[in-house]
Amino acid sequence: MKILLGFFLALALLSEAGIAHAQTVRYTCPMHPDVVSSKPGRCPKCGMTLIRKTKSQAAPVKAAPEPEANTSFSSTKIPNAEVLDQNGKQLNFYTDLIKGKTVAINFVFTTCTAICPSLTATFRRVQQEAATRGVDVQLISVSVDPGVDTPERLQEYSAKFKTGPGWTFVTGDKAKIDSVLQAFGVAVANKNDHTPMVLIGNDTSDYWTRIYGLSSPAKIVDLLAGAASRK
Ligand SMILES: [Cu+2]
């Protein structure tokens with residue numbers, strides 16, 4: 001926890017420093033504060049959409065959406081929305097997928113040709129490595145394109161990546177999925193801007209953290225093991 005706090009503090013200080021020297025508008029990566037650009041675009045390190053920062057946004061009252069990293073997330077924010085899994089089965093998002101579990105959640109869409117195949121392949125290796133190391137984890141891939149990603153499509157996608165049991169693909173009514181995305185702070189207007197982050201949580205201890213979704217599977221499993229060990 002101390003390490004995490006230190007990290008968040010460092011992040012906060014870094015972004016403050018960046019803002020203090022800003023002459024006009026700047027765009028920074030939520031995950032890589034050292035990436036600063038004068039133009040909108042994507043982070044060359046992780047592909048995340050850069051977030052606009054101006055001096056006025058450095059004021060104590062934050063109006064613009066800020067990266068999650070320095071806000072505390074809690075299971076209480078997760079809606080128990082009615083969603084569908086890749087088998088077309090109706091689930092309650094919180095009680096069926098999160099409650100009492102250690103979870104890793106990513107955000108994908110099946111027609112994505114950019115980062116999603118790599119995110120999913122990484123998740124697959126995370127699943128295998130977690131099993132090898134005896135880390136009990138529920139993997140959840142939430143579609144950011146529920147209108148196109150029917151359960152059938154997700155089933156196909158899931159089969160293509162040879163996912164194992166304990167990995168649920170989630171779609172459903174757009175409003176319901178949006179409520180889930182909003183709760184996690186990852187809702188975007190354009191699906192192509194979806195976050196490459198993986199959220200990691202232990203619901204029982206209400207411990208939440210996040211990691212870049214293309215980190216090494218071993219690193220992701222380390223975080224999962226750490227989360228799972230929190231009582
Ligand atoms: Cu994608």
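## Copper site and core of a predicted model

The side chains of Gln 138 and Thr 168 make a polar contact at 3.0 Å (a pair of N or O atoms within 3.5 Å; within protein, one must be able to donate a hydrogen and the other to accept it, and residues adjacent in sequence count only if both atoms are side-chain atoms). This is a predicted model, in which local features need pLDDT of at least 70 and side-chain atom pairs count only at pLDDT 80 or more, while totals for chains, interfaces and linings use all residues. Residues are numbered from 1 along each chain as its sequence is written, and side-chain values use heavy atoms, with hydrogens and water left out.

Gln 138 lies in strand β7 (residues 138–143); strands (E, at least two residues) and helices (H or I, at least four) are DSSP runs, numbered from the N terminus.

The copper ion has the protein donors Cys 112 (SG), Cys 116 (SG) and His 194 (NE2), 2.1 to 2.3 Å from it. Donors are N, O and S atoms within 2.8 Å of the metal (3.2 Å for Na, K and Ca); water is not among the atoms, so sites may look incomplete. Cys 112 lies in the loop between β6 (102–108) and α3 (116–132), and His 194 in the loop between α5 (174–183) and β9 (197–202), so the pair ties together parts 82 residues apart in sequence. His 194 is buried, as is Cys 112.

Buried means under 20% relative accessible area, exposed over 50%, partly exposed in between (1.4 Å probe, protein chains only).

| Residue | Relative accessibility | Class |
|---|---|---|
| Cys 112 | 7% | buried |
| Cys 116 | 0% | buried |
| Gln 138 | 11% | buried |
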